[in-house]
Amino acid sequence: MWRRTVLPAVAALVGTITLSACANGGGLRVEGPESPPPSPTPSVAFGTTQPHPEKTPEVAVDLAKVRVRLLADRHLSSYARTVLSNCTVISRCLSRGKTVDVLHSGTPQQIVLIHTLEKFVFGIFLIAVEPSGPRPIWNLNVEQPTVTASPDGNLVVESKIFTINDPVCCPSGRRVEVYRWNGRQMTKVSSANQ
């Protein structure tokens, strides 16, 4: 007799547990008026020093035009000039990095990386995107860099460096340099080896 009362109760308990395990974890569903939409957050204009600026819009600078402008620059390093002069397929020597607004102009700038055929990056260029075409603003000879813009609009360049006992293949150190636009040129504000 107890089987007639206990077994259905156990079956009901197992069924309830099984069905609750399939739930989405949302808990109790309450129907009613929708909650008010979240209040809009104020947008921040480009070039401000607010802690959370809007994302800089992506640009697609023409790398063939960048190559021509760089080769016309008499201050281009001899190694970069050799690489760019011998580069017939642009993607083998130049590639686009991040889009930034470190000039605080409201118009994005493009980071362009120069590299060997083996994709070993040995320098970066900051290119202003203008209606007349790309204009080189600044460059830095640095190996295997990671380039980002800080929230306050500085350019942060992290590169690999060799320490005393490193094998030729594998640098274990890194250098972090911060550059800031002073209205006329990029200036280094800090450098630290780690």
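**Disulfides, a helix face and two loop residues**

A search of the whole structure, which is a predicted model, finds two disulfides. A disulfide is a covalent bond between the sulfur atoms of two cysteines. When the bonded cysteines are counted along the chain, the disulfides follow the pattern 1-2, 3-4, and each of the two links can be looked at in turn.

One link runs from Cys 87 to Cys 93, with a distance from S to S of 2.1 Å. The torsion about its S-S bond is -90 degrees, and the link of Cys 87 and Cys 93 is left-handed. As for their surroundings, both Cys 87 and Cys 93 are buried.

The other link joins Cys 169 to Cys 170, where the distance from S to S is 2.2 Å. Which hand does this disulfide have? The torsion about the S-S bond of Cys 169 and Cys 170 is about -85 degrees, and the disulfide is therefore left-handed. The accessibility of its cysteines can be given one by one: Cys 169 has a relative accessible area of 60%, which makes Cys 169 exposed because exposed residues are those over 50%, while Cys 170, with a relative accessible area of 37%, is partly exposed.

From the disulfides the reader may turn to helix α3, which covers residues 78–85 and whose buried residues are Ala 80, Val 83 and Leu 84. Where on the helix do these buried residues lie? Seen down the axis of α3, they fall within an arc of 95 degrees, so they line one face of the helix. The elements against which the buried residues of α3 pack are the helix α2 (63–72) and the strands β1 (94–100), β2 (109–115) and β3 (121–130).

Two residues in loops deserve a look for their backbone angles. The loop between β1 and β2 holds His 104, and the phi of His 104 is near 55 degrees, a positive value in a residue other than glycine. His 104 counts as partly exposed because its relative accessibility is 30%, and partly exposed residues lie between the limits of 20% and 50%.

Further along, Gln 144 lies in the loop between β4 (133–141) and β5 (146–149). Although Gln 144 is not a glycine, it has a positive phi of about 50 degrees. Is Gln 144 buried, exposed or partly exposed? With a relative accessibility of 28%, Gln 144 counts as partly exposed.

Terms used
Residues are numbered from 1 along each chain as its sequence is written. This is a predicted model: local features need pLDDT of at least 70, side-chain atom pairs count only at pLDDT 80 or more; totals for chains, interfaces and linings use all residues. Side-chain values use heavy atoms; hydrogens and water are left out. A disulfide is a pair of cysteine sulfur atoms within 2.5 Å. Buried means under 20% relative accessible area, exposed over 50%, partly exposed in between (1.4 Å probe, protein chains only). Helices (H or I, at least four residues) and strands (E, at least two) are DSSP runs, numbered from the N terminus. The arc is that of the directions from the helix axis to the C-beta atoms. Contact means heavy atoms within 4.5 Å.
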